[in-house]
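Let us walk through this structure, beginning at the ligand and moving on to the nonpolar cores.

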Amino acid sequence: MILCENNLFLLKNDNLSYMLRADHRGIVRHVHFGESVRMEDAEALACRPGLGWGSNVLLEDSDSGSSLSDIALEWSGSGRGDYRETPLEMDGRPTDFRYVSYEVVEGAASMASTLPQAHGDCETLILTLEQPGLRLKLYYSLFPTALTRRVVLENIGDESRTIHKIMSFCMDIPGNFEMTSFGGGWSAEMNKTVANVGYGRVVNESVTGASSSRNNPGFLLSEPDATENYGHVYGFNLVYSGNHYSAAQNCIQGLTRVMQGINPSNLHRELQPGEKFETPEAVLCCSDRGFGGLSRQMHTFVNDHIIPPYWRGRPRPVLYNSWEGCMFNFTQRRLLDLADRAKDLGCELFVLDDGWFGKRNDDFAGLGDYNINYKKLPDGISGLAKKIQAKGLQFGLWFEPESVNPDSDLYRAHPDWALTDEFPVLLGRHQLLLDLRKKEVRDYIVEQVGNVLDSGAISYVKWDMNRNSIALGAAAHEFVLGVYDVLDRIFRPRPGILLEGCSSGGNRFDLGMLCYSPQIWCSDDTDPIQRLTIQGNLSYLYPQSSFGAHVSAAPHAQTLRSTPLSTRGNVSFFGQLGYELDLKHLLPVEIKEIKAQTTFYKKYREVFQYGDFTRTKTGWQVSRGKTTIAGVFHTIVHAAPPYEQLRVPGLKKDQLYHVMSLPQSLRVGQFGSLLKHVAPVEVNPHGFLLGKIDNHYQMPDGNEDLVASGAALAGGILLKPLFRGTGYDTNQRTQTDFGSNVYVIEEM
Ligand code: DGJ
């Protein structure tokens, strides 16, 4: 609900309260963001500067408490006494917006541009502020689990103005915080950085043209002693896929200024008389139940209000993707053979990745030409799709529509369609971006991709983008608006197509893309141990329903690490499970294990995909209805390990639960020459016999089947011990490096 009384505004839902006030000078002050409060709390929560601080510039000479620097604000300007970072810069001139009026509307108040925005039930408060020649509207949309903010600036004067910086929101919250942000690069996304927010600005930004894997736009501000389950944590994210900027900074008054929006780097955006500029929408969440509480609120918000409504809560298929297994090297025959094998393993969707069109036999050529390569695919895409469908599988296809190779018919016909500048052309992965600011380019993409999609039964699209931009400032923003226009025109009329975003893995994992694609390929790194970091850290801000997570071959292409197949499955279960490896060389034992994995995942897919997600000391946990599933992950084995506890928070203390592990087995071959100590006959560890046995026979490994109360599970039950060098026993978990287990905990 949104309450308004004497220019005091309270936005309140079951999870948060947000309060602001326009004072007698028309300054819009921030009053509160957090616990559920009442209108009567306004005075107690507001900053009272009293006689103020020394050397400040005052709005009124007779009132020493009237400095803008001393109070918590909802928006600020330049040159009027607030020396903290400003959310708006125009022509190097001062800005001083004052409150004029407010309006409350049902729903989200639609964007005028192609920017995506959160959808669903909400109420919106719109405050209008003005200064001579300019009008600024602050939008606050209250959803059940989050608040969104954005601004629209309008030139109501008669001279042209230039925007150099405009944030989606700005706010001052009392207290000291740490900023947690997530960054890295290709195949090593989402590493966590925690920085103390002191008097120096802490910035999280991207300038690559995309939201980027260098610095994901989402970040958290937490009290320094906050833990997974305790303390105040704020979460912020931007519904935007381009250059972003976020900053937090404390000041001597103990207020933390936080802001987020389009990156101001090189932004020179003319605003003609009568013209408006709207910013992307920012999402604000808060929790007094630590990082875990915050994450679950963000997850609910994304699942309910960001991903396309058609896919809300809808189970996603187990897919097979051809990339790591085939790369560019396939024929229709090979694909059909893979499809047979994928179907037999339990996959439901067959995805043909890169290499099916133009001269796309490597990454030097073909991007831009969506004409089918009939040498590889004699029956075309429609014929292949039909054949795959006849096997009982859905069919999906890869595209990279925003790019063009100089070696392509499209580039030869329209070199001016590529995004270039006055300097010699720069390539990235041998390609250029198309200039999506141009309508004819967008029309071409919409038509080309649309034609292919309508030519056959295509249920899924992987939308890739593999190079950074060279466009700066306003041009980079217009490119992103072009991307959204194209996505909207292609997929709004085809809501049933499951779109998976991708940008060299997680180079564009953001809420803007999630408005079109319910899931995103979160990294080209499919090594499950690296995925513990990538998926684990994504979970702070994004629901597990949004992560594409595939089992690939070991040793892994990105790390050369060998990991057990069980761990590859166990990690991928906590996302959208897929398989991405050459199936031809799977051993009989591996086929059996993968079949068991897909059967298990399908049985519990709604728990994995949409359950409440918790990060625990030993791994991850998901819960839905009467079922909780806990993943316990190990990295390096230590000799003589202690007992290991499984702690399962959040259960009903008095309830009994059945705890069962997903059965796991051991490869006989992993014991090598140690076998001689137990085998009745001498076995050559490199010999034919052991090889044969290893391919066909496995030994059960430490499987669990017991009963425990919610109270015992909350405190921690002791799992079967780990291998201690004293022999093999089914009552122990004989795990090597990178071992793991998954436990299903069902209410009895
Ligand atoms: C980069 C993606 O991240 C990969 O998964 C794959 O689709 C390749 N592009 C194809 O070129």
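How many Å separate a polar side-chain atom of Asp524 from an oxygen atom of the ligand? The model is predicted, and in it the distance is 2.4 Å. The protein buries 98% of the 290 Å² that the ligand exposes when taken alone.

Asp524 has company. Asp354 places a side-chain N or O atom 2.6 Å from an oxygen atom of the ligand. Lys462 brings a polar side-chain atom to 2.7 Å from a ligand oxygen.

Now take the whole shell. It holds 13 residues, and the closest are Asp353, Asp354, Lys462, Asp464 and Asp524. By class, six residues of the shell are charged, four are nonpolar and three are polar.

Next, leave the ligand for the protein interior. Nonpolar side chains tend to be buried together in soluble globular proteins. Here the largest nonpolar core counts 188 residues. Leu221 and Trp356 have the most contacts inside this core. Which helix gives the core its largest share? Helix α8, residues 473-491, does, with 12 residues.

Look more closely at Leu221. Set aside its neighbours within four places in sequence. Leu221 is then in contact with residues including Ile173, Phe177, Met179 and Val197. Val233, Tyr234, Phe236, Ala248 and Val258 are also among its contacts. The list takes in Glu178, His232 and Thr256 as well.

One more core remains to be seen. It lies apart from the largest one and has 13 residues. Among them are Ala630, Val632, Val648 and Val659.

Definitions and conventions: Residues are numbered from 1 along each chain as its sequence is written. This is a predicted model: local features need pLDDT of at least 70, side-chain atom pairs count only at pLDDT 80 or more; totals for chains, interfaces and linings use all residues. Side-chain values use heavy atoms; hydrogens and water are left out. A residue is near a molecule or strand if one of its heavy atoms lies within 4 Å of it. A polar contact is a pair of N or O atoms within 3.5 Å; within protein, one must be able to donate a hydrogen and the other to accept it, and residues adjacent in sequence count only if both atoms are side-chain atoms. Accessible areas come from the Shrake-Rupley method with a 1.4 Å probe; for residues, only the protein chains shown count as cover. Ala, Val, Leu, Ile, Met, Phe, Trp, Tyr, Cys and Pro count as nonpolar, Asp, Glu, Lys and Arg as charged, and the others, Gly among them, as polar. A nonpolar core is a set of buried Ala, Val, Leu, Ile, Met, Phe, Trp, Tyr and Cys residues joined through side-chain atoms within 4.5 Å. Buried means under 20% relative accessible area, exposed over 50%, partly exposed in between (1.4 Å probe, protein chains only). Helices (H or I, at least four residues) and strands (E, at least two) are DSSP runs, numbered from the N terminus. Contact means heavy atoms within 4.5 Å.
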